[in-house]
Amino acid sequence: MAENTDQNEAKHDNSSSPGNADQEKETAASAYEAFSAGKYDESLKSLEALQELNKEDYKIALNKAVVEFYKSSQTTTGTLKQTLIAMKNQVHTSAEDIDGLDDVENSLLYYNQAIIHYHMRQYSEAIAIGERLYQFLEPFERFAQAVCFLLVDLYLLTFQPEKALHLLAVLDKLSVQGSNKNGKGESNSSNKDGPNQRAEFTARIEAAKSKMHQYKVRAYIQMKSSKACKREIKSVMNTAGNSAPSLFLKSNFEYLRGNYRKAVKLLNSSNIAEHPGPIKTGECVRCMFWNNLGCIHFAMGKHNLGIFYFKKALQENDHTCAQLGDGSSGQSKKFTGIPMCALLANKRYELLYNCGIQLLHIGRPLAAFECLMEAVQVYHSNPRLWLRLSECCISANKGGSEQESKGLPCKKGIVQSIVGQGYHRKIVLASQSTQNTIYSEGQSAAIPVASMEFAAICLRNALLLLPDHQQQDTKTENGSKSFSQSGSTESGSENSDACSGKGQDADKFLSAAPSSPLRKQEVENLRCSILACSAYVALALGDNLTALNHAEKLLHQTKVSGSLKFLGHLYAAEALISLDRISDAIGHLNPENVTDVSMGVLTSEQDQGSDKGDESVESWKQTPLCYPSSVTAARAMMLFNLGSAYCLRSEYEKARKCLQQAASMVNTKEIPPEAILLGVYLELQNGNTQLALQIIKRNQLLPTAVQRVSPESRKKPVQPVQLPSSFTPVQRK
């Protein structure tokens, strides 16, 4: 946006390097005038003449490099970067040497380096230089304003809104003081150019104020501060009118408040055709428009519409990159032939991240895997992205029993086939065992394919990227997606430190680009989700010891959500049964272990609305079909598994009691096929062949009363089980 223009203008000031002699001053002035007028050849001739007069001044060589850069239409960014590095090595060994007032003269060299780091997305290096420059700035200099705006933009791009607001408050005070000082100075001036200078200064102050209001809105959006944001939105609309940036900001504000229809209406009312192209602003507004529509429809739960808009954004982004000539693959040619301000226009990997999350939600894990695999090449330090990749692998390899677990219209989940006729008619039951399945036979697990082996690697990466010794809080395991709005990104960051609290920021947040950084409680919630997925994947691969280790770690987390605690007990029990430690498994399958199956949505006022780009409130309600919807259903699932454990110890009476008790707690259609097969096995063990056939025929567990009249029963009738006091019996229809 406009900040790029101001930053580039600050580079023009390099051409006004004063000489010691009058001739040097005149030559320098003529070089600057030619540069300002766009006559770069003439400016270069003047600088070469000036270099003959003063060969020791490196600033002349710096000015020549800047003029040659502009002569090439700002397309030789890599060459300029190398030139500036060589000059920096000539003056100082590193930026750490800027510790004296004498080094203020070299500030333009370092500022130009910060600008190049900014456009090459090397934000940490740019911030390090900018913060050092900020210490030596004169408050009323135009150069000081450019440095402050650069730092504000960098802070917002790295999700540090409090630091940005601190700098904006300083800029606000300086602009007021500067305007008062300028007004007094102009009143005493008799120069005929005074009115022109006053008008130019006033226009510059107004442009700066408009820009500051937009920056404040972006900062408050990242902080989720609705009241302050609403106040600043009014100022933006008053100063910038119905321009595309102001309408995009207002749309983002309504999006975060949950007013999705109004957000769409604001986006549609923006006249993006009048906005300058990416060559001038470094932004593809059409790409942002489609991306924002995709994010809004995602939050509304309209995932197919969302992926449609994300694909449109990708097409627009590819078209923009083709126009800019950003098709070269070599690293040496990466920054050649593209205007520097347009280097930030390519949002392909952010869009692929959004597409991957959207595709995962609409049940297309293989397509999501392809998108996220391309995005992870850039955002390889994001643990949440590695978790998403593992979820793609799990979803692509899960068995069909999960889809059939809620309502079985036929017996295909139990009966595999029927052979023979009449007296020799036999029923072949389907095998429900999926353990020790070979998912990727004959290939390395490190090959990026949607396999369970690769999922284990992804989860290992995610765990390694998480910091240790963090406090736990409520669960928010879902990734956030970028919501572009004139260079800004949706964020959920919350940081109470001032601009100087740099060391504490690193402890509070974990970077998860392109999403907002993870807060302390989000890190621990993410850890719980990764451990649960790791236990599941290890069980699927037959690695029972690893699965047990992950499940026990999950259960030892201090504030694990009820849903993941339930899964932890199930996974630990399954691993223990496979290890022939049935007694230990029975302890995990105690129904009293389940007291809550909530998904663990954040409830604090600062966390509400956080990460809406990846998981909306509506999405939380769309739980998987195989997941228990209540504590009663979860306890019934525990009892089904407890019956299986008792059955393995040949305690068939206890197994039958658990099975009948669980069946009485859930609807008939919600009984899983494994439980029905367990009932068939128990009746066969009891000698009730006809009752076992009836269970298969009806595809449901028969009540105890039916068992009493079984002609082939060899044991005493099973008495109805009295439910514990903490259970709420569900009447069967």
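## A salt bridge between two helices

Asp318 is partly exposed, with a relative accessible area of 37%. On this scale, buried means under 20% relative accessible area, exposed means over 50%, and partly exposed is anything in between (1.4 Å probe, protein chains only). A quick note on the source: this is a predicted model, in which local features need pLDDT of at least 70 and side-chain atom pairs count only at pLDDT 80 or more, while totals for chains, interfaces and linings use all residues. Residues are numbered from 1 along each chain as its sequence is written, and side-chain values use heavy atoms, with hydrogens and water left out.

So what does Asp318 pair with in a salt bridge? The partner of Asp318 is Arg348, and their closest N and O atoms are 3.4 Å apart. Asp318 sits in helix H16 (residues 303–324) and Arg348 in helix H17 (residues 348–361), so the pair ties together parts that are 30 residues apart in sequence. Arg348 also counts as partly exposed, at 24% relative accessibility. A salt bridge here is a side-chain nitrogen of Lys or Arg within 4 Å of a carboxyl oxygen of Asp or Glu.

## The other charged pairs

Side chains of opposite charge can pair when their charged atoms come close. In the whole structure, the search turns up 17 salt bridges. One of them joins Glu524 to Arg527, with 3.0 Å between the closest N and O atoms. These two are three residues apart in helix H23, so about one helical turn separates them. Are they buried or exposed? Glu524 is buried, at 1% relative accessible area, and Arg527 is buried as well, at 10%.

Glu651 and Arg649 also meet through their side chains, at 3.4 Å from N to O. Here Glu651 is partly exposed at 25% relative accessibility, and Arg649 is partly exposed at 33%. Elsewhere, a network of salt bridges links Glu254, Arg257 and Lys262.

## The overall build

Stepping back, the protein has 32 helices and two strands. Both are DSSP runs numbered from the N terminus: helices are H or I with at least four residues, strands are E with at least two. Of the 733 residues, 51% are buried.

Take the contacts with a separation of 6 or more: 69% of them are between residues 24 or more positions apart. A contact means heavy atoms within 4.5 Å. The accessible surface comes to about 34100 Å², and carbon and sulfur atoms own 50% of it. Areas come from the Shrake-Rupley method with a 1.4 Å probe, and for residues only the protein chains shown count as cover.

## The hairpin and its greasy patch

Strand S1 (residues 415–419) holds Ile418. S1 pairs with strand S2 (residues 426–429) in the antiparallel sense, over four bridges; two strands pair if DSSP finds at least two bridges between them. Which residue in S2 stands opposite Ile418? That's Ile427. The hairpin has six residues between its strands, and Gly420 takes a positive phi near 80° in it.

Ile418 is partly exposed, at 46% relative accessible area. Ile418 and Ile427 join Leu429 and Leu693 in a nonpolar surface patch of about 290 Å². Patches are built from residues with over 30% relative accessible area and no salt bridge, joining like charges within 9 Å and nonpolar side chains (Val, Leu, Ile, Met, Phe, Trp, Tyr) within 5 Å.

## Backbone oddities in the loops

Two non-glycine residues with positive phi are worth a look: Arg121, near 65°, and Phe159, near 60°. Arg121 lies in the loop between helix H6 (107–119) and helix H7 (123–134), and is partly exposed at 31%. Phe159 lies in the loop between helix H8 (142–157) and helix H9 (161–187); at 10% relative accessibility, Phe159 is buried.

There's also a cis peptide bond, running from Ala513 to Pro514 with omega near 5°. Pro514 belongs to the loop between helix H22 (502–508) and helix H23 (520–540).

## Cysteines

How many disulfides does the structure hold? Zero, where a disulfide is a pair of cysteine sulfur atoms within 2.5 Å. For Cys321, the closest cysteine sulfur is that of Cys284, at 8.3 Å, too far for a bond. Cys321 is buried at 9% relative accessible area, and Cys528 is buried at 3%.
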